Protein chains: 2
Amino acid sequence: VFQAAAGAKVFPAETASLLIGAVAISMLLSPLLLVAIDRLLLPRWANRGATQLEEISEQQDAPVIIAGFGRYGQIIGRMLTAQGLAATVLDHDADMIEAARSFGYKVFYGDASRLDLLRTAGAQTAKILVVAVDDKEQSLAIIDLAREHFPHLELVVRARDVTHWNQLRDRGVLRVERELFESSLRSARTVLEVLGYAPHEARRQAMRFRRHNVQLFEKMYEHRQDRARMIAVAKQGRQQLEEQMAQERAEAQRRRGENEARAPGWDR
Amino acid sequence: VFQAAAGAKVFPAETASLLIGAVAISMLLSPLLLVAIDRLLLPRWANRGATQLEEISEQQDAPVIIAGFGRYGQIIGRMLTAQGLAATVLDHDADMIEAARSFGYKVFYGDASRLDLLRTAGAQTAKILVVAVDDKEQSLAIIDLAREHFPHLELVVRARDVTHWNQLRDRGVLRVERELFESSLRSARTVLEVLGYAPHEARRQAMRFRRHNVQLFEKMYEHRQDRARMIAVAKQGRQQLEEQMAQERAEAQRRRGENEARAPGWDR
């Protein structure tokens, strides 16, 4: 446009190239500006509540610290409160904190992967640190920090998946629950019940599967560096369980048949 | 640079402004190109496996259909297999399917919120549909579809949170587990044990809290349209539990004192 205008002598060539330069700069800047708005400003707006929340600053001394007060941490906190036990709760999600506070919970604002905040939360005098955050990286960051600076703390941790579980085991953390495991076992029990299992039998089978699965996790951990071997161990473990259960079902069937033969007509 | 070069007569002003224009265009294009790569190409590469997977096409007739074979659905599927029970598994995440297949699972590729695929999976003859997908909207879409076209199906569902739980209740779905609830209760039991509770006592307290919490959910559901009332009900329920538990602890303490008074020196 400017070149055409310069050609038509609307303004001299120097002005045209100056204008082109200006346009070039604005063309260069506008996407950068958009990126900057995206990266820098929007998160600030989104976290505006956060900047208004005050970080934990008064020294706490409860025996339990809970990092992360989402769906997982809340249940733990509430169960402790019901027992009359004190816990200091830290979360760095402003929305979560406001929701929790509206329900009457005392939750401190702060990032538990920061040494100073963890110290203010009472890490030096507490007995237990519950790591209930949902993000794996943040979970490991908190744990590494705690193990370095507060090695006396007992860690009770929420794990996301096998990889996270293995990373926790690498760090010697043993009080770990896989976050979806227990509820999925409950659903499995329900399926068995709908299919006709008696509730106690469904429960027994679930407990049994649970034990087997936990043992399998330990075995798979030994081969965590070798994916092919890990898969082989998993397949083998599953097969063993299936065969064992099939045998037991056949045995139970046989016994039922015998009992019926022994007491003919008893319940006919 | 070009202007300075033009000033130094390295090339004429027209060439300089032409070059500036070219640079301007490339400056404009390169961020757009990056955005395009990000938005258009990368997802395609990531989903390349998906386009290669064949959708479920052969009619299935297992008594159980599992929609979603992530962490939740896998445990249910494996427990059923261990019982010798057949289940048809559907997932529409190509990576998940490939991972599951590498571990030896038979998983069909398909979106369970599509009527034709649900029918091919055997919805007309199955007894149970397990909805184990992690996305709330997809979960509700599958459930609405199933209730409309296969009303005989018993639904066993994974719920994400209170809102989702309420939406399921709105649809009359009662066999629901909150996905993190049971594992968080396990972690809470562990905390109690580390604090000195006997394992059976920690378990008893967790079971009690569980019962109370499930009842509270039912009560809160009645007030789901009125947030203030819902919060009041939640607070009140919690307070009741705390008072009750405190009373019981005082009672237990009193009884211990009496026993000690009755049998002085017995265990001293």
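B:Glu177 is buried in this predicted model, with a relative accessible area of 12%, which falls under the 20% cut-off and therefore earns the label. Its partner is a familiar kind of contact: the side chains of B:Glu177 and B:Arg210 form a salt bridge with an N to O distance of 4.0 Å. The pair brings together distant parts of chain B, since B:Arg210 belongs to helix α10 (residues 199-222) and B:Glu177 to strand β6 (residues 175-178), 33 residues apart. B:Arg210 is likewise buried, at a relative accessible area of 15%.

B:Arg210 also takes part in a salt bridge with B:Glu182, here at 2.7 Å from N to O. This second pair links helix α10 of chain B to helix α9 (residues 181-194), with the two positions 28 residues apart in numbering. B:Glu182 is buried as well, its relative accessible area being 7%. A further set of salt bridges with shared partners joins A:Arg71, B:Arg158, B:Arg160 and B:Glu179 into one network.

Turning to chain A, A:Arg210 and A:Glu177 meet in a salt bridge of 4.0 Å, N to O. A:Arg210 sits in helix α10 and A:Glu177 in strand β6 of chain A, so this pair ties together parts that lie 33 residues apart in sequence. Both residues, A:Arg210 and A:Glu177, are buried. Over all chains, the salt bridges number 35.

Finally, the two chains can be compared as wholes. A turn of 180 degrees with a shift of 0.0 Å along the axis lays chain A on chain B at an RMSD of 0.1 Å. The copies are thus related as by a two-fold rotation axis. The same surface serves both, as 100% of the contact residues of chain A recur in chain B.

Methods
Residues are numbered from 1 along each chain as its sequence is written. Chains are lettered from A and ligands numbered from 1 in the order in which they are written. This is a predicted model: local features need pLDDT of at least 70, side-chain atom pairs count only at pLDDT 80 or more; totals for chains, interfaces and linings use all residues. Side-chain values use heavy atoms; hydrogens and water are left out. Copies are superposed by least squares on the C-alpha atoms of residues with pLDDT of at least 70 in both. Contact means heavy atoms within 4.5 Å. Helices (H or I, at least four residues) and strands (E, at least two) are DSSP runs, numbered from the N terminus. Buried means under 20% relative accessible area, exposed over 50%, partly exposed in between (1.4 Å probe, protein chains only).
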